[in-house]
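Me: Could you take a close look at one part of this model for me, the small sheet in the second chain? I'd like to see how its strands pair and what surrounds them.

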Amino acid sequence: MQRGSVLLIAKHFWLNTFRSRAIFPVMGIMVFVLAYAAYSGWKSYTTHNDIRMHYQQEARKSWESNPDKHPHRMAHYGSFAFRLKHALSMFDFGLESFTGNAVFLEAHKQNTVNFSEASFSTGLLRFGEISMAMILQVILPLVIFFLGFVAVAVERENGTLKIILSQGTGWKEILIGKSLGLMGLVMLFFIPVILVMLVLLTTADGGLTADVWLRYAGIVACYLVFYVIISVITVLVSAVSSSSKDALIKLLAVWLFFFIVLPRTTQALGSYFYASPSKIEFEAAVEKELIQAGDSHNPDDPHFRHLKDSVLQAHQVSSVEQLPFNYSGFVMREGEKLSTHIYNDHLKELQQIYQKQNGITRIAAAVNPYIAIKNLSMTLSGTDFESYISFQGQAEEYRYRLAQKMNELQMELISNKKPGPDDKPHTISREHWKEFEDFKYKFTSIGTALRSEWWSIFSLVSWGVASVGGLVYLSKKVKSI
Amino acid sequence: MYSLIVKQFIRSKTVMVTTLLILILGVVSILIGDQFLAKQEKAIAEVTRHQQEHIARNVSWIDKEMGLLLYYLRFALINSPGNLTALSIGQRDVNSGIQNVTIRNLEGQRYDTDLYNPTSLQSGNLDFGFVIIYLFPLLVIAFTYDLLSEEKEKGTWRLVAIQSKSVRGYLLKKLSVRALLIFIALLLLFTFATVKLSLAINETLMAFAVLGFLYLVFWLALCFWVVSWQRNSSFNALTLLSVWVVLAILLPASVNNLVANLYPVPEALSTMVKQRDGYHEKWDMAKGPTMDKFFAHYPQFEKYTLPDDDFSWLWYYAMQQMGDDESRQQSEAMREKIMQREKASSTAALFMPTMHAQLLFNDLAGSSLENHMKFLDHTQAFHEKMRMYFYPKIFEGASVNGVDWQQFTPEYFSEKPEINWGQAVLPLLVFIAGFSILAAVNLKKIKVA
């Protein structure tokens, strides 16, 4: 391969693109849209994190300012978990707008995570959101098609193709040169975006940690592979088409099918094949299982009657008042353990159904590199499905600890005898409230995140290899006329 | 002449394939809507059955204390979807159409979300509205972008110009043949939807269809305008697809970001915290002030006096009431904010036919945000009604068995959309007229050579 002619062809392609001037309006629009995307990503990140941190602190303040009281009142008083945005969510909103942001955590009851952006949306969200990632994933490929459809086809139309070939430059050099030239054009858009992104990341809470750096590097690498694929495909389609119009129509059809129609269709198929239960069905199933296992609210429940007998026997006493700990605290601790266990089992099942629904789209990454980059980008930005599940899990884990801590305080510190009509009600010191630390959301590590997306990585890499392989293969097959 | 144009047009393989494709996608979208309705109906049936069981079980366990029983009992209110909802699912997949509330503090319950898969929400519904708003314009573009340029590129243009009386007339005839096929496809799909979903033929359905029709006329006018520039096919295809990307993706998405950033809703979180504090802090306060506030809200209950006991249900429900009363301000601010979003969106939509069509489809199909807000308002009224029924029974210590529990089946809310024809149709008509005039002016200057 002649490196000189490859570079020459790349340079020519680049210069020709600027000479035709069609690139300038495209660049104008892209700069504007990308700047807006960067601004609104940053704005949304700072606004929402400020709001959520504020209310997390407010809620904590009210928690700590509670006076001495019975611990079970505090278990009902409960706490909140507000979902903080990951710094990289400035770049890729991912599922952020569709997942709930705040959940009330109390004893006995798992509440839903509420107030997603989508629930406040007027229906415009259906058109998508402008984020840097969205522009890079959906719009930039279209721009690549726009700029690249002429790459080889126009040389054929003008008759210059034969001249180049007759001068001793091979097809391989032409295809590689054109692809490089196109990649160069892509860099005009891509490099400014990643630089802006870096600047924005330094303003994030916690700054540029090693984890953020790794994610950033991962994002840059994945997008580069993606653009190699798109650029090579563009040049190849241009090379095998009879005219530039033909090349353009083919590329536009590819874009519409792979970027617009296919993702929606695969997700619709997923929901069709794996039906998820409605909320009422889900709750009824949990309730049913709970009643079977033992309902601490049912006075005649066999499970809890049996529990009582065995506790009394173990401590060799005849009534619960004689036990060395508060018996109702004990019953609630057992009840919470049982109900949480059952609830979590059902929740896990539900999440598995969702994973299966998403599975069809995920598998489609093998035929659609757009889906691969979309999933990878979300995962690296901490705005994917796994991140959401992790938040839900952490919030639930905190809720459980809170409820059980209050039950244990009750067992330890509350007298087993009910206060008489003239006695003061049982309370414990407010110091205990402060001792129980606030909810703190931890983002998933990049390792766990990537492990869940191995298929997308595999697909993207395979596509990269296949497109370069296709280029070499076609360079031996194409004809000049 | 006409029959020749028709023959030439439909003989093209691309035309047949793209028309077939849109018909298939249209049918699929209607089936997806049908499935959505079936799922909703199943959930409604489930809720009805469950409510009956749930009340019966609790009544049999807690047959002495009305106050304790009502702590547990939940009553459902259903925002039942109309069949038209299937065509434009809108916000219905995010916002639950079923409320299941106890008579305790409402603000802690009514914003509870449905269970959903966020990935599915993100990818959006492939409903009929999507097919009309996104895909049909692409069909329009595919059919018209080379209306004139293909003649030039094939070298038939001069021939046409010499043979036909008016070049403009010829182009209009070509355009009308394409428009006809597009409208036949749309009509077929509407007919299929009407039969499959047993849609009632009424003003709402008419409005939906007229809107869809005019929206496509808008795209035809726009394409015809671009065609009238007399550039080559590649240029037209590039331009029209760029316009599509801007109108169907970039502009609406930008407005969405703008609205979300201009009107964040911290009031939602403050409502959430306030309703908890408003209720819970009363446990640590003297009972007097709580009761005074409660009686100030409901003077009719002043006749009930608080017993001397430590705990009483009168006091308990008064405390619960305080959760609502004290977070009322925050909750109203939240509502206000959401309505501001609604207003900003629909104003912006007047200038963007894609958004306009989407928001109006949602309005007509009862799947808009506004519909959900009305449902939330109605939930409040429903909750209040249940309170007013049970409060006296609880405070009097009425017997559980004295109530006819059979009567508590789920209640329904439904809202008939108001159709403002002027507001619906005018923005589109203005655009259509504008592009048609521009095209006509361009074609006047048409040169054959």
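**The sheet in chain B**

Reply: Happy to. A good place to start is a single pairing: Leu77(B) has Gln99(B) as its bridge partner in E2(B). Please keep in mind that this is a predicted model.

Leu77(B) also faces a residue in another strand, standing opposite Glu411(B) in E3(B). So much for one residue; now the strands around it.

The sheet is open and is formed by three strands of chain B, in the order E2-E1-E3, with mixed pairing. Strand E2 (98–101) and strand E3 (411–413) of chain B are at the edges with a single partner strand each, so one side of each has no neighbour in the sheet. On average, neighbouring strands of this sheet are turned by 20° against each other, direction ignored.

What makes up the mixed pairing? In general, strands of a sheet pair through backbone hydrogen bonds, in either a parallel or an antiparallel way. Here E1(B) pairs with E2(B) over four bridges in the antiparallel sense. To E3(B), strand E1 (residues 75–79) of chain B is joined by three bridges, and these two run parallel. Besides Leu77(B), Asn79(B) takes part on this side, with Phe413(B) as its bridge partner in E3(B).

Next, the surroundings of E1(B). This strand is mostly covered, as five of its five residues are buried. As a general point, side chains in a regular strand alternate between the two faces of the sheet. In E1(B), Phe75(B), Leu77(B) and Asn79(B) lie on one side, while Ala76(B) and Ile78(B) lie on the other, and both faces are covered, with all of these residues buried. Helix H2 (residues 13–61) of chain B lies across E1 and E2 of chain B, and its direction is at about 165° to E1(B).

For some wider context, here is a brief look at chain A. Chain A holds 17 helices and three strands. Its radius of gyration is 30 Å, well over the 23 Å from the globule rule for 481 residues, so chain A is more spread out than a compact globule. Its C-alpha atoms fill a box of roughly 105 × 40 × 40 Å along the principal axes, and 46% of its 481 residues are buried.

An unreviewed UniProt entry lists transmembrane regions in chain A, including residues 21–39 and 454–474. Residues 21–39 of chain A are 89% helix and 0% strand, with end C-alpha atoms 28 Å apart. Residues 454–474 of chain A are 100% helix and 0% strand, with end C-alpha atoms 30 Å apart.

Conventions. Residues are numbered from 1 along each chain as its sequence is written. Chains are lettered from A and ligands numbered from 1 in the order in which they are written. This is a predicted model: local features need pLDDT of at least 70, side-chain atom pairs count only at pLDDT 80 or more; totals for chains, interfaces and linings use all residues. UniProt positions are given in the numbering used here, feature names are shortened, and annotations may be inferred rather than shown by experiment. The radius of gyration is taken over C-alpha atoms; the globule rule is 2.2 Å times the number of residues to the power 0.38. A residue is buried if 20 or more other C-beta atoms lie within 10 Å of its own, exposed if 12 or fewer, and partly exposed in between; C-beta atoms are placed from the backbone. Two strands pair if DSSP finds at least two bridges between them. Axes are lines fitted to C-alpha atoms, for helices over the stretch in contact, and angles run from 0 to 180 degrees between N-to-C directions. Two residues are in contact if their C-beta atoms, placed from the backbone, lie within 7 Å.
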